[in-house]
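Reader: Please take one part of this model and look at it closely. Then work outward from there, and keep it brisk.

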Amino acid sequence: MRVDVFTHPTGDPVADLTVFDNADAPADPALLDRVRAGTAAADLAAPPVVLPDFCHKEKSEMPSSIAVATRDAIRPTLTDAALNCGMALATLDIEPPAVPAIDDFYRRVRERYPNPPGWRFELTRDEVLRAAVEGAGFAAHRYDLDGHDIDRVEEFGRLPVEEYGGAARARRELPWICVQLARLRFGSIGPSTHFLELQQVEEVFEPEIAEHLGVHVGQVTMQFHNGGGVLTGQIGEMYARRKSASRLLRTEMALQKPLTHLAGAGSLARARQRYATYFSVGCPSIPIEGDEGRRVMLAQRLSMNYGFAYRLATYATLRRFAREAFGASLRLVVDSPHNSVYEETVDGRPAFVHRHNAARAWPAELMSGHPAFAGTGQPLLVPGTNRTSSFLCVPAPQAHRSLYTACHGTGSIISEFVRNGRSGPDPRGRHTLRYGYTDAAPREVAQLDDHGVDAALGILTGNGLVRPVARLRPFAVLT
């Protein structure tokens with residue numbers, strides 16, 4: 001860990017950064033400046049944290065792999081436009097399946113969740129509102145999931161909304177068009193960085209923890225990464241000016257956003273305040289005090305809850321397909337978002353921790369009495385790529401130094417290692433079956449060694465942020 005101190009040429013104070021990198025995977029100085037610029041005027045509760053896999057996606061306002069804690073205000077653009085994009089890991093009770101069974105499994109997934117997606121309604125209007133208010137509980141009831149599944153979801157898959165107006169205010173505040181579009185595509189995978197990967201547990205480092213989590217050597221696992229659903233993207237665009245959005249979403253917001261914020265403001269002063277907050281470029285701060293603050297907090301929590309329900313809907317579908325294609329039972333190990341805003345305690349006082357493409361690393365001492373993770377802390381995933389291993393980890397004793405946060409992936413470091421020759425073909429010559437969203441046969445893609453993902457994990461372990469529990473090796477993926 002290093003604390004990166006920066007003084008602006010004007011002499012104005014600029015936030016220090018806590019940077020977790022090393023000589024093999026240094027943080028990009030230009031991106032560090034971007035984080036400084038985005039947080040310089042924030043009411044910071046601690047120096048912003050920069051983690052391994054630090055990179056910038058042009059669709060985002062801020063670089064990935066950061067955590068920023070603020071006092072008495074939130075800044076939606078410090079994380080992704082669509083809250084609760086996340087990952088889940090589940091175990092299967094079978095040996096690695098034969099290729100025809102894998103073909104059948106991914107065919108079912110493609111047919112259920114095609115790309116491009118269709119226009120079939122999945123939910124009623126009332127169900128959209130229930131998902132946003134009840135979160136994982138709604139999905140558990142709708143898809144017959146049990147308490148074990150809910151226990152494995154971060155925050156049990158629901159942030160309370162009652163203090164911000166609850167279901168009654170949600171019904172008033174969520175525009176009709178947003179709710180109607182949120183009836184579409186409830187649960188999916190999707191292409192690009194999202195994936196559905198079949199893996200095998202190659203190595204266990206912490207046998208007692210692995211046994212507690214239901215993981216053992218040779219076991220087949222399923223890891224998937226998907227978004228938080230249509231509603232989360234709409235709320236993200238509604239409450240900030242975002243860099244990237246689909247043509248449909250931009251058209252919708254060009255009409256709906258002024259109606260929601262300006263026409264309903266009630267006074268010219270409030271309309272001006274809302275315009276400066278929700279229509280301005282940059283990372284404006286939104287104080288949480290007062291009615292406007294409660295309105296924003298309600299929107300953020302509705303988005304998080306809908307995302308929890310959305311990903312559990314995906315899990316329920318995958319559980320059914322695993323039974324039909326493999327004759328296997330699927331058991332959830334952990335479900336965790338990596339784009340989130342949580343109210344947490346920082347230096348003994350309440351703060352809002354914004355995580356952008358970074359997962360919460362909540363240790364055991366903060367989970368006393370938890371039915372699944374009291375003895376381990378909440379597990380988290382440190383994925384590689386579909387050509388390398390991934391890791392199942394738990395928080396380590398120094399996790400507080402990173403605002404209890406770890407990077408959600410290692411892809412940029414792996415790519416850099418390949419580009420400069422520090423990583424090459426897998427010495428055992430293994431391959432991954434890579435499926436796409438067409439009927440074409442899967443491609444056999446040569447795997448890589450684990451030098452890149454090991455280097456990224458080494459930064460996390462070397463700084464005492466996480467402990468690896470198991471190494472997972474892919475053998476098939478839909479992406």
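**A loop residue and what lies beyond it**

Author: Asn 357 sits in the loop between strand S12 (349-356) and strand S13 (358-360). The model is predicted, so read what follows as a description of that prediction. The phi angle of Asn 357 is near 50 degrees. That is a positive value in a residue other than glycine. Is Asn 357 buried or exposed? Its relative accessibility is 5%, so Asn 357 counts as buried. The cut-off for buried is under 20%.

Arg 185 makes a useful comparison. Its phi is also positive, near 50 degrees, and it too is a residue other than glycine. Arg 185 lies in the loop between helix H7 (176-182) and S7. Its relative accessibility is 31%, so Arg 185 counts as partly exposed. One further backbone feature belongs here. Asn 115 and Pro 116 are joined by a cis peptide bond, with omega about 0 degrees. Pro 116 lies in the loop between helix H2 (99-112) and helix H3 (125-134).

Back to S12, the strand before Asn 357. S12 belongs to an open sheet of 6 strands, in the order S1-S2-S3-S4-S12-S11, with mixed pairing. The edges are strand S1 (2-4) and strand S11 (339-346), each of which pairs on one side only. S1 runs antiparallel to strand S2 (residues 17-19), and 3 bridges join them. Within that pair, Arg 2 faces Val 19 in S2. Strands of a sheet pair through backbone hydrogen bonds, either parallel or antiparallel.

Now turn to strand S6 (residues 86-92). How many of its residues are buried? The count is 7 of 7, so S6 is largely enclosed by the rest of the structure. Gly 86, Ala 88, Ala 90 and Leu 92 point one way. Met 87, Leu 89 and Thr 91 point the other way, and both sets are buried. In a regular strand the side chains alternate between the two faces of the sheet.

S6 has antiparallel partners. Strand S8 (residues 220-226) pairs with S6 over 7 bridges, in the antiparallel sense. Thr 91 has Thr 221 as its bridge partner in S8. Strand S10 (residues 330-337) also pairs with S6 in the antiparallel sense, over 7 bridges. Here Ala 90 has Leu 332 as its bridge partner in S10.

Ala 90 deserves a pause. Ala 90 belongs to S6. At 2% relative accessibility, it counts as buried. Its C-alpha atom is 5.2 Å from that of Met 222, although the two are 132 residues apart along the chain. Leaving aside neighbours within four places in sequence, Ala 90 contacts Thr 221 and Met 222. The same list of contacts includes Tyr 315, Leu 330, Arg 331, Leu 332 and Val 333.

Next, a helix. Helix H11 (residues 268-278) has Ala 271, Arg 274, Thr 277 and Tyr 278 as its buried residues. They cover an arc of only 130 degrees around the axis, which puts them on the same side of H11. On the other side, Leu 268, Ala 269 and Arg 272 are exposed. What covers the buried residues of H11? The cover includes helix H9 (230-238), helix H10 (247-263), strand S9 (286-287) and helix H12 (290-326).

H9 and H12 turn up again at an enclosed space. There are 3 cavities of 30 Å³ or more. The largest cavity holds about 90 Å³. It is lined by 13 residues, and Glu 173, Leu 174, Pro 175, Ile 235 and Tyr 239 are the closest to its centre. H9 and H12 each give at least two residues to this lining. H12 provides the largest share, 4 residues. By class, the lining has 9 nonpolar, 2 polar and 2 charged residues.

Finally, an open space. The second largest pocket has a volume of about 600 Å³. Of its 27 lining residues, Thr 193, Phe 195, Gly 384, Thr 385 and Gly 411 lie nearest the centre. Strand S7 (195-204) and helix H13 (411-419) each supply at least two lining residues. H13 gives the largest share, 5 residues. This lining has 8 nonpolar, 15 polar and 4 charged residues.

Key
Residues are numbered from 1 along each chain as its sequence is written. This is a predicted model: local features need pLDDT of at least 70, side-chain atom pairs count only at pLDDT 80 or more; totals for chains, interfaces and linings use all residues. Side-chain values use heavy atoms; hydrogens and water are left out. On a 1 Å grid over the protein atoms alone, a cavity is a set of points where a 1.4 Å probe fits but cannot get out, and a pocket is an open set with protein on both sides within 12 Å along at least five of seven lines; lining residues have an atom within 4 Å of a point. Grid points are joined across faces, edges and corners, and a volume is the space filled by probe spheres set on the points. Ala, Val, Leu, Ile, Met, Phe, Trp, Tyr, Cys and Pro count as nonpolar, Asp, Glu, Lys and Arg as charged, and the others, Gly among them, as polar. Buried means under 20% relative accessible area, exposed over 50%, partly exposed in between (1.4 Å probe, protein chains only). The arc is that of the directions from the helix axis to the C-beta atoms. Contact means heavy atoms within 4.5 Å. Two strands pair if DSSP finds at least two bridges between them.
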